[in-house]
Amino acid sequence: FGLSLPPANWAGAAAVLALSTFAFAGLGIFSASFVLVFQRGSPVPPVVEALSFLLAGVLYPVDVLPGWLRVASTLFPLTHSIRGTRDAVLGGAGWSALVPSLLPLALFAAFLFPLGLASFALATRYGRRSGTLGHS
């Protein structure tokens, strides 16, 4: 079809993947702590998943959203993960061009991963005290 793509920035894509992994792991651990405390599925993942799917550029570019929704889309790590991966793999973007994706992902990872670990530690402690968690 005559399509030519610039060479991919695989190191940049790996950096996006690593930061995305820590950000989403934090969300997953936070969700697991909810299950430990309340003994039922967490309402957090379906809500975050649905909003991310609609606002993060999965189905259509974020640029077509109204201004206020574009701003709201920046509150989801998936937005930055998709943009960074597309830029690095399909656009061959250099490190300076990936900063607008890497910086928010680093902030999400730095906030969400420790939050997830702390909430899981608290949930485990609560479960042991309340007797809903088996003792080892």
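**Group meeting talk: aromatic pairs, a pocket and some helix contacts**

Okay, let's start inside helix H1: Phe-34 and Phe-38 are four residues apart there, so about one helical turn separates them. Before I go on, please keep in mind that this is a predicted model. Everything I say today comes from that prediction.

Why did I open with those two? Well, I wanted to know how many aromatic pairs the whole structure has, and a search finds two. Let me take the other pair before coming back. Phe-22 and Phe-113 have ring centres 5.1 Å apart, and their planes sit at 85°, so we call this pair edge-to-face. The cut-off for that label is planes over 60 degrees apart. What I like here is that the pair links distant parts of the chain. Phe-22 is in helix H1, which covers residues 10-38, while Phe-113 is in helix H5, residues 95-130, and the two are 91 residues apart. Are these rings buried or exposed? Phe-22 comes out as partly exposed at 44% relative accessibility, and Phe-113 is partly exposed too, at 23%.

Now back to our opening pair. The ring centres of Phe-34 and Phe-38 are 4.5 Å apart with planes at 40°, so that pair counts as tilted. Stacked would need planes under 30 degrees apart. Phe-34 has 23% relative accessibility, so it is partly exposed, and Phe-38, at 45%, is partly exposed as well.

Let's stay with H1 and H5 for a bit. Find Ser-119 on your screens, in helix H5. How accessible is Ser-119? Its relative accessible area is 15%, so Ser-119 is buried, given that buried means under 20%. Its side chain makes a polar contact of 3.1 Å with the side chain of Ser-33. If we skip neighbours within four places in sequence, Ser-119 is in contact with Ile-29, Phe-30 and Ser-33.

That takes us to Ile-29, which is back in helix H1. Ile-29 is partly exposed, with a relative accessible area of 22%. Which residues does Ile-29 contact, again leaving out neighbours within four places? The list is Phe-113, Gly-116, Leu-117, Ser-119 and Phe-120. You'll recognise Phe-113 from the edge-to-face pair, and Ser-119 we just met. There is also a distance to note: the C-alpha atoms of Ile-29 and Leu-122 are separated by 12 Å, with their positions 93 residues apart along the chain.

Leu-117, from that contact list, is in helix H5 and is partly exposed at 44% relative accessibility. Its C-alpha is 8.8 Å from that of Ser-33, though the two residues are 84 apart along the chain.

One further stop on H5 is Thr-124. Thr-124 counts as buried, at 15% relative accessibility. Not counting residues up to four places away in sequence, Thr-124 touches Leu-36 and Leu-133.

Next, a couple of other places on H1. Trp-10 is in this helix, and with 59% relative accessibility it counts as exposed. Its C-alpha is 6.7 Å from the C-alpha of Val-89, and those residues are 79 apart along the chain. Then there's Gly-28, also in H1, which is partly exposed with a relative accessible area of 38%. From C-alpha to C-alpha, Gly-28 and Val-44 are 9.3 Å apart in space and 16 residues apart in sequence.

Now for a backbone detail. Most residues other than glycine have a negative phi. Gln-39 is not a glycine, yet its phi is positive, about 60°. Where is Gln-39? You'll find it in the loop between H1 and helix H2, which is 44-55.

Last topic: the pocket. The largest pocket has a volume of about 180 Å³. Which residues line the largest pocket? Going through them, we have Ala-56, Gly-57, Tyr-60, Pro-61, Val-62, Asp-63, Thr-79, Arg-83 and Arg-86. By type, the lining has four nonpolar residues, three charged and two polar.

So, to recap: there are two aromatic pairs in the whole structure, one edge-to-face and one tilted. Ser-119 and Ser-33 share a polar contact through their side chains, and Gln-39 has that positive phi. Thanks, and I'm happy to go back to any of these spots on the screen.

Methods. Residues numbered from 1 in each chain as written. Predicted model: local features only at pLDDT ≥ 70, side-chain atom pairs only at ≥ 80, totals over all residues. Heavy atoms only, no water. Phe/Tyr/Trp six-rings, centres within 6.5 Å; stacked < 30°, edge-to-face > 60°. Buried < 20%, exposed > 50% of the residue type's maximum accessible area, 1.4 Å probe, protein only. 1 Å grid on protein atoms, 1.4 Å probe; cavity = no way out; pocket = protein on both sides within 12 Å on 5 of 7 lines; lining within 4 Å. Points joined across faces, edges and corners; volume = space filled by probe spheres on them. Nonpolar A, V, L, I, M, F, W, Y, C, P; charged D, E, K, R; others polar. Polar contact = N/O pair within 3.5 Å; in protein donor to acceptor, adjacent residues only side chain to side chain. Contact = heavy atoms within 4.5 Å.
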